[in-house]
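Subject: Structure for you to look at

Hello,

Here is the structure I promised to pass on. Please open it first, then read the notes below alongside it.

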Amino acid sequence: MSERNIAGTAPAGATALAALAKARAILEAHGPQLATDPEQARLLGEYHQEILRSHGLMLAKLVFADCEVCAGVDGGVSCCFEGAEDWYYPLLLLANLLMGVEPSLERRRAGDCLFNGRLGCELPARYGICLNFFCPDLCARLGEADLLLLRRAVGRELEAGRLWEEFVGRWLMAHGDRSWI
Ligand code: SF4
Ligand code: SF4
């Protein structure tokens, strides 16, 4: 049974921290073996490439620049709210660890998502809602053509993530590890 805090019954952040602990445990138990599995490495590489592509587009269209302002550089208010971190589950956090990012364990600003850093989201591998949400101001500034471009890039990123996750899930099951379910 998933421990995702969909009903919001646990304190904000508790589910994310538990998921992160599971991701770290998977990495410790299987990291070297997973890293040398060629299919895992290929799928993770493709996922990372799609992330870099959509990040490049977000940078070019100044989306990250706008989100940086909300993250507090100029005293903004972010849509990345406290509790959103609990959408994150062990395999998605494992992807972040494998991409060399240590997710934050401390909330930088009350009311913000645990993973919202000074310059915006600190995670390379993000949840679908995080990637698909563009606030009304951004939508108005970007216009339909650019939004479509960004959504297509996000779609490719999510699909690459899904393929990696499915593979790793099967791999872990085959190696007797169900701790992440
Ligand atoms: S999506 Fe909009 S409200 Fe949310 S952080 Fe970015 S600019 Fe700010
Ligand atoms: S984009 Fe990042 S900071 Fe914003 S809600 Fe999602 S995980 Fe949190």
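G31 sits in helix α1. It has 14 other C-beta atoms within 10 Å, so G31 is partly exposed. From G31 to H48 is 17 residues in sequence and 17 Å in space, C-alpha to C-alpha. Keep in mind throughout that this is a predicted model.

**The chain as a whole**

The chain has 6 helices and 2 strands. Read from the N terminus, the order of elements is α-α-α-α-β-β-α-α. The C-alpha trace spans about 50 × 35 × 25 Å along its principal axes. Does the radius of gyration speak for or against a compact globule, and why? A compact globule of 181 residues would have a radius of gyration near 16 Å, and the chain has 17 Å, so the two agree. Of the 181 residues, 29% count as buried. Contacts reach far along the sequence. Among those between residues at least 6 apart, 78% join residues at least 24 apart.

**Helix α6**

Look at α6 next. It covers residues 136-174, which is 39 residues. A straight helix of that many residues would span 57 Å at 1.5 Å a residue. Between its end C-alpha atoms, α6 spans only 45 Å. Where does α6 bend? The bend is at G143, and it is about 105°.

The buried residues of α6 are L150, V154, E157, A160, G161, W164, V168 and L172. They pack against four other helices:

- α1, residues 14-35
- α2, residues 38-60
- α4, residues 90-98
- α5, residues 128-132

E165 also belongs to α6. With 18 C-beta neighbours inside 10 Å, E165 falls short of the 20 needed to be buried, so it counts as partly exposed. E165 and Y47 are 118 residues apart along the chain, yet their C-alpha atoms are separated by 9.9 Å. Just after α6 comes G176, with a positive phi of about 75°.

**Helix α2 and the loop that follows**

α2 has 23 residues. From first C-alpha to last it reaches 33 Å, close to the 33 Å expected at 1.5 Å a residue. Its buried residues are L43, L44, Y47, H48, E50, I51 and S54. So two residues already mentioned turn up here, Y47 and H48. What covers the buried residues of α2 includes α4 and α6.

L62 lies in the loop between α2 and α3. Its phi is positive, about 65°, although L62 is not a glycine. Most residues other than glycine have a negative phi. Is L62 buried or exposed, or in between? With 13 C-beta neighbours inside 10 Å, L62 counts as partly exposed.

**The two ligands**

Take ligand 1 first. The residues around it are D66, C67, C70, S78, C79, C80, F134, C135, D137 and L138. Which helices each supply at least two residues of this shell? They are α3 (63-73) and α6. The largest share, 3 residues, comes from α3. By class, the shell around ligand 1 has 7 nonpolar, 1 polar and 2 charged residues.

Around ligand 2 are C80, A84, E85, C113, F115, N116, C121, L123, R126 and C130. By class, this shell has 7 nonpolar, 1 polar and 2 charged residues. C80 is listed around ligand 1 and also around ligand 2.

**One more residue: I129**

I129 is in helix α5. It has 9 C-beta neighbours inside 10 Å, so I129 counts as exposed. I129 and A84 are 45 residues apart in sequence and 9.5 Å apart in space, C-alpha to C-alpha. A84 is one of the residues around ligand 2.

**Where to look**

If time is short, start with these places:

- G143, where α6 bends by about 105°
- L62, with its positive phi of about 65°
- C80, in the shell of ligand 1 and in that of ligand 2

Best wishes

How values were computed: Residues numbered from 1 in each chain as written. Chains lettered and ligands numbered in written order. Predicted model: local features only at pLDDT ≥ 70, side-chain atom pairs only at ≥ 80, totals over all residues. Expected span 1.5 Å × (residues − 1). Bend = angle between axes of the 7 residues up to and from the residue. Buried ≥ 20, exposed ≤ 12 C-beta atoms within 10 Å, placed from the backbone. Contact = placed C-beta atoms within 7 Å. Near = placed C-beta within 6 Å. Nonpolar A, V, L, I, M, F, W, Y, C, P; charged D, E, K, R; others polar. Rg over C-alpha atoms; globule rule 2.2 N^0.38 Å.
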